[in-house]
Amino acid sequence: MRYMLSILPIILFSLYISITPQQLNAESKDEPVVLVVYSSKSGTVDEHQRLLDMLIGHFTSSITFKHTSEVREADFEHVTHVFYYGQSKEHLSTEIKQMIEQFNGTVTAIGFNADQLQERFSFIELVSEELVTKISLRSDEEKSVSIMPDTILNVNVTTGSDVLVKGSYGKGVEYPLFITNGNTHYYGTSKLEPPFSIFLGEVLHEVFAMDHSHEHPAYIRLEDIHPLVEPEKVMKVAKELKRRDIPYMVAVIPVYTNPDTKERHYFKDSPQLLKALKYIQDNGGSIVLHGYTHQFRDDETGEGFEFWDVDHNMPIYHGPDDEVLIKTENEFDTPLEYENYLEELLAFENEYIESKLTRGVQELANYGIYPLAFEAPHYTMSQNGYAQTSQYFSTYVGQIQLSDDNWEIMNTSPYITTPTFLEGMLLLPETIGFIDKVDPKAVEKMIQNIHDYSIVRDGIIAGFYHPFLDEDHFEKFTKVLDELEQIEGLQWIDLKQMNNNVQVEHVHIKSENGEVIVDIDRLKLFFTSIDFLLYHIKKVAVNATWLMVGAGTVAVTLFISYIVITRKRSRKSIYYKRRGIIG
Amino acid sequence: MADFFVYISLFLIWTMLFYHMFLMQGGYWYSMHYRKKERELERLKTPMPRVSILIPAHNEEVVIGDTLEAMSNLNYPSERLEVIVINDNSNDLTGEIAEKYAQKYTFIKVIHTKPPNGGKGKSGALNNGLRMSTGDIICVYDADNCPEPDAIYWLALALVNDRKAGAIVGKFRVVNANKNLLTRLINVETLTFQWLAQAGRWFWFKMATIPGTNFAIRRSILEELGGWDEKALSEDTELSFRVYNLGYYIRFFPSAVTWEQEPESIKVWWRQRTRWARGNIYVIVKFILGFHKLKSRRIGIDLLYFLFTYLLFFGGVLISHAIFIINLFIDLNLSIGLVSYLLLIIGFLLFVTEGILSISMEKGQLTKKNFLAIIFMYFSYSQMWLFLVIYASFLEIKRVLFRQEVKWYKTKRFEQTAIPKDKTA
């Protein structure tokens, strides 16, 4: 029974055009169905395929990955777009070649081995591998990015084909990079990380024949707001953003852990900061949960990793104080035992994530702060972690760790996307970086990134700032804002205008059309932890003390005035004495 | 955790302060218009009822003469008045002095009681007096009291014209207020008690507590109740509760004024107050245990008030003091901050303004000396109350545990050298 339901709609004053790209509607009928056939040494989906997943995820959420060793004829059924991703060199079997070449729909080959698909890809002829230092769009030479020398596959192109992207080395030496011929396309590199992803991302609009509106969704995220951050500094940035009419996000960490004393600090201990967060929430800001403690073991909040054991470079499969033993398959008698072992590890991780996210959302919601999205601390999380997170959050913000073996393999997408590995979560990627206090060129780098990502017609321009930095950094930050405001077609993302869903035990938060709708089962929440109730009791207590001050002051004032009145009266009054009763 | 105690103590203390603010407001309004009642009563021209004044006296040779002198000056038809001195087991000249007055004035009578019937304390003496008395209205005065000539007139007139009133309570003033600092402080306290607690409660709830002296009560009620509770150390509070329980109210009528002596030494004060505090604790326990049997729920207000004063407010102050002291030595990391200082200041200002307002209602009391006394009182006299409650609770617990007999300590009297010129209220 829902005993206490409270619905607290927060109505916002800002009326930004909602960023809900039509291509992100997974339900739409004519959504492309994509099959990715890939050649790779590992034989399983890894960071390379996930980069492609992010790029294609912008156009459809229906993507299937098949290694060349496992792809079957049946996999091509109902598929509208086939991608062949030659991430490593491989001799393609005749069957594979046939399946791809005879496919009716659109075929895009990326990287190696496309030359083996001779029939369909007769418009290219592999010549050599060449170094390039610049990539640009053929349609607009201005839209180019200079890179460190890197190799691409140089091909000869027959007439009748269009070169959409080219690479160049120095002046005058140009190589075709993305070539299109009817419904067959070729991208001459297996590299899918930026800046290559920027150009592929742009031309994929042609591959899918979706000309998305040429607007750049953008966001600024205020990062690492934990209970010990100075509220004044946060307010200063919040006011600046409000002054500029910029909606923004705030990444909030509910608990600060002091690495030396192990002491934990909560937002309830910092009412001024809570007030600032509420101000933010009501004045253009949206809350993003940035972990619960942003640390593991004895690390400091904001410095530590929470969903990744960075000491062992592995997912959280153990408690902070447990001895870490990583068993290999050889140590098990049967494959089944090994499988069970792996399942146990994942179950541990799932429970860990569930408890952290649940507590994080519950705690914030109890304060009246409603997170609409999630961002993993340091962007680190395992694939299983993302899947688990998708059960609680519909939107993920930031970059993505792409490998389960090394947290450092992380990347971003040039636009908003729903890659399959996020299990339904919408990714609002961070692309332009942040004001790095140790980098004197931080602003220049950010500005460069802003321009790079505006090459994509709907490229997202998103970065973050630590509001607790000093005045100098704040000025740098405003410079970036100035730059951003100059970008043509920039559309600030207002999370509240989007459909977000956050659901943990006893708390359901959703946003739509600028409203945040909250459904909290308070009674059950209070039963979850007495702290939740105590917070409210204390809040009432604090308010009551001020009420006491007010009432007491009124009484003192009244009594003083009575004293004055009584004195005046007694001076005027004629001494009253009753007369004449016989004793 | 420390935070928790800070808030608990604040709320306990401030609940009390709010109640006092509320009462003070009522008391102020009542002070503005009670004189109207005098004119109203006089217009009625009711025949004066027969009044018996009971004066229990145990070794009161120092003061009984003045008291009876005042009795002889009462503006009341002497044929309807009897003054009964209950010379209760005195071993001084009380009896002789009283007899002298009895010879001189026909309406003054003396009864001498000895154990086993006498010497059992004030309640016992009053019950003995009651048996001898003939009046329809019984008035009680302590042996150190000098009522103003009109006191009985107003008490009787107010009671006879108010069917719903079970008793009428007059006002008492301190005759030796300027004697020393202690009596000055007691003077402020009694005025505050009467204008804040008595007048305030009468204004809002039609309640007042019968003090030990200067009140009139219907004989019929006393008979119905079987007289005074001889086990009660504060027979007055106890009696008040039983009167409410019969469905009557008790009117506070400040027109009837008596002047009484207050302890001039800390030792005497301490013993007197210990008796009162123990008496109140006795009453709380007696009536809380039997609360379900009570007919008048109005008592609940007073009972709650007492309970609050002796348990919760007291506890709140203790916690607050404890936190204050501990925090001097150990940083308790209290989160309350500024507001606690404001509350401290406002609490103090309330104390001061309520005190000043109360004394300003009496002619000539708002003096610089009294003003300074009130400020001093907050830090001294009021704090002593804490120790008093602890001591009294200790004695009561001991009494219950060891089934001790209550012993009635009679307040020591002091000889008055000069009687103040202006004794009018």
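Let me start at a single spot: A:Ala209 sits in the loop of chain A between helix H3 and strand E12 (216–225). Helices here are DSSP runs of H or I with at least four residues, strands are E runs of at least two, and both are numbered from the N terminus. A quick word on the source: this is a predicted model, where local features need pLDDT of at least 70, side-chain atom pairs count only at pLDDT 80 or more, and totals for chains, interfaces and linings use all residues. Residues are numbered from 1 along each chain as its sequence is written, and chains are lettered from A, with ligands numbered from 1, in the order in which they are written.

Back to our alanine. A:Ala209 is not a glycine, yet its phi is positive, about 50°. Is A:Ala209 buried or exposed? It counts as exposed, with 11 C-beta neighbours inside 10 Å. The cut-offs are these: buried takes 20 or more other C-beta atoms within 10 Å of the residue's own, exposed takes 12 or fewer, partly exposed is in between, and the C-beta atoms are placed from the backbone.

Now compare A:His506, in the loop between strands E25 (500–504) and E26 (507–512) of chain A. Its phi is also positive, near 70°, and again the residue is other than glycine. This one is buried, with 22 other C-beta atoms within 10 Å.

Let's step back to the helix before A:Ala209. H3(A) has twelve residues and reaches 16 Å from first C-alpha to last, close to the expected 16 Å; that expected span is 1.5 Å times one less than the number of residues. Ten of the twelve residues are buried, so to speak of H3(A) as mostly covered is fair. Among the buried ones are A:Phe196, A:Phe199, A:Glu202 and A:Val207. On the other side of A:Pro195, the loop that holds this proline starts from strand E11 (184–187) and leads to H3 (196–207). The peptide bond from A:Pro194 to A:Pro195 is cis, with omega near 0°.Chain B has a cis bond as well, joining B:Pro115 and B:Pro116, with omega about 5°. B:Pro116 lies in the loop between strand E3 (108–113) and helix H4 (122–132) of chain B.

Next, the cores. Which residues have the most contacts inside the largest nonpolar core? They are A:Val36, A:Tyr84, A:Phe199, A:Val250, A:Val252 and A:Val288, in a core of 148 residues. A nonpolar core is a set of buried Ala, Val, Leu, Ile, Met, Phe, Trp, Tyr and Cys residues joined through C-beta atoms within 7 Å. Domain 1 (5–15 + 215–528) and domain 2 (22–207) of chain A both give residues to this core, so it lies between them. The domain bounds come from an automatic or database domain assignment. Apart from this core lies another, of 119 residues, including B:Leu126 and B:Ala373.

B:Ala373 takes us to helix H12 (residues 368–379) of chain B, which has twelve residues and reaches 18 Å. B:Asn370, B:Ala373, B:Ile374 and B:Met377 are buried in H12(B). Why are they on the same side? Because they cover an arc of only 105° around the axis, taking the directions from the helix axis to the C-beta atoms. B:Lys368, B:Leu372 and B:Phe379 are exposed on the other side.

Last, the two chains together: 23 residues of chain A are in contact with 32 residues of chain B, contact being C-beta atoms, placed from the backbone, within 7 Å.
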